[in-house]
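Let's take a walk through this protein together, from its overall layout to its charged pairs, its core and its internal space. Have the viewer open as you read.

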Amino acid sequence: MSDQQEMPYRVESDPDWNTVAAGTARVSLHPDEAAPEVIVISGPCPRCRHETVHSEPLIAYANALSRTSLLARVLRHRAAEPGSREVEVICGCLTSHSETGEHKGCGASWVLHVEWGV
């Protein structure tokens, strides 16, 4: 694994990583699959193999303090239809990769297709 730890930070993507990640990623929907608000994807990065976690929000709370209460919006959202999303995951591992600067991870990105309520 010393080669993986020495891997430099480099922004790149490879279609093969989509396939690798589809077989190793753990996907969860929060708070639940019936009314997901966030997709959480975790697992090994297909490039550097270090553990990474990515959160993808499905709904925005930008106007949470408006007249319409947050509870009312969540209750309306609970009747949501089945859905799917292409999620771009960017390695956010906590392992030090040379030349990272202020970035986390190794710079790799891949895409996973996530479906719920189907």
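The protein chain folds into 3 helices and 6 strands. Starting at the N terminus, these elements follow the order α-β-α-β-β-β-α-β-β. Keep in mind as you look around that this is a predicted model. The chain has 118 residues, and 35% of them are buried. If you consider the contacts with a separation of 6 or more, 61% of them join residues 24 or more positions apart.

A good place to begin is with the charged side chains. The count of salt bridges comes to 4, and we can visit several of them. First find E12, in strand β1 (residues 12-13). The side chain of E12 forms a salt bridge with that of R10, with an N to O distance of 3.0 Å. Both partners are partly exposed: E12 has a relative accessible area of 25%, and R10 has 42%.

E12 has another partner as well. R47 also forms a salt bridge with E12, and here the closest N and O atoms are 2.7 Å apart. This pair brings together distant parts of the chain, since R47 sits in the loop between β3 (38-44) and β4 (51-57), 35 residues away from E12. Is R47 buried or exposed? R47 is buried, because its relative accessible area is 9% and the cut-off for buried is under 20%. Taken together, R10, E12 and R47 make up a network of salt bridges.

Now move to E56 and R85, whose side chains meet in a salt bridge at 3.4 Å, N to O. E56 belongs to strand β4 and R85 to strand β5 (residues 83-90), so this salt bridge ties together parts that lie 29 residues apart in sequence. E56 is buried, with a relative accessible area of 17%, whereas R85 is partly exposed at 27%.

From the charged pairs, let's turn to the nonpolar side chains. In soluble globular proteins, nonpolar side chains tend to be buried together. In this model the largest nonpolar core has 19 residues, and those with the most contacts inside it are I39, I41, C45, C48, C91, W110 and V114. Which elements supply at least two residues each to this core? They are α2 (15-24), β3, β5 and β6 (108-116). The largest share, 5 residues, comes from β6.

V114 makes a handy vantage point for exploring this region. Leaving aside residues up to four places away in sequence, V114 touches V27, L29, I39, I41, G83, S84, R85 and V87. R85 in that list is the residue we just met as the salt-bridge partner of E56.

Our last stop is the space inside. Searching the whole structure turns up 1 cavity of 30 Å³ or more, and the largest cavity holds about 50 Å³ of space. Its lining consists of A21, T24, A25, I41, S42, G43, P44, T52, W110 and L112. Two of these names, I41 and W110, will be familiar from the nonpolar core. The elements α2, β3 and β6 each give at least two residues to the lining, and the largest share, 4 residues, comes from β3. How many of the lining residues are nonpolar, polar and charged? The lining has 6 nonpolar residues, 4 polar ones and no charged ones.

How values were computed
Residues are numbered from 1 along each chain as its sequence is written. This is a predicted model: local features need pLDDT of at least 70, side-chain atom pairs count only at pLDDT 80 or more; totals for chains, interfaces and linings use all residues. Side-chain values use heavy atoms; hydrogens and water are left out. Buried means under 20% relative accessible area, exposed over 50%, partly exposed in between (1.4 Å probe, protein chains only). A nonpolar core is a set of buried Ala, Val, Leu, Ile, Met, Phe, Trp, Tyr and Cys residues joined through side-chain atoms within 4.5 Å. Contact means heavy atoms within 4.5 Å. On a 1 Å grid over the protein atoms alone, a cavity is a set of points where a 1.4 Å probe fits but cannot get out, and a pocket is an open set with protein on both sides within 12 Å along at least five of seven lines; lining residues have an atom within 4 Å of a point. Grid points are joined across faces, edges and corners, and a volume is the space filled by probe spheres set on the points. Ala, Val, Leu, Ile, Met, Phe, Trp, Tyr, Cys and Pro count as nonpolar, Asp, Glu, Lys and Arg as charged, and the others, Gly among them, as polar.
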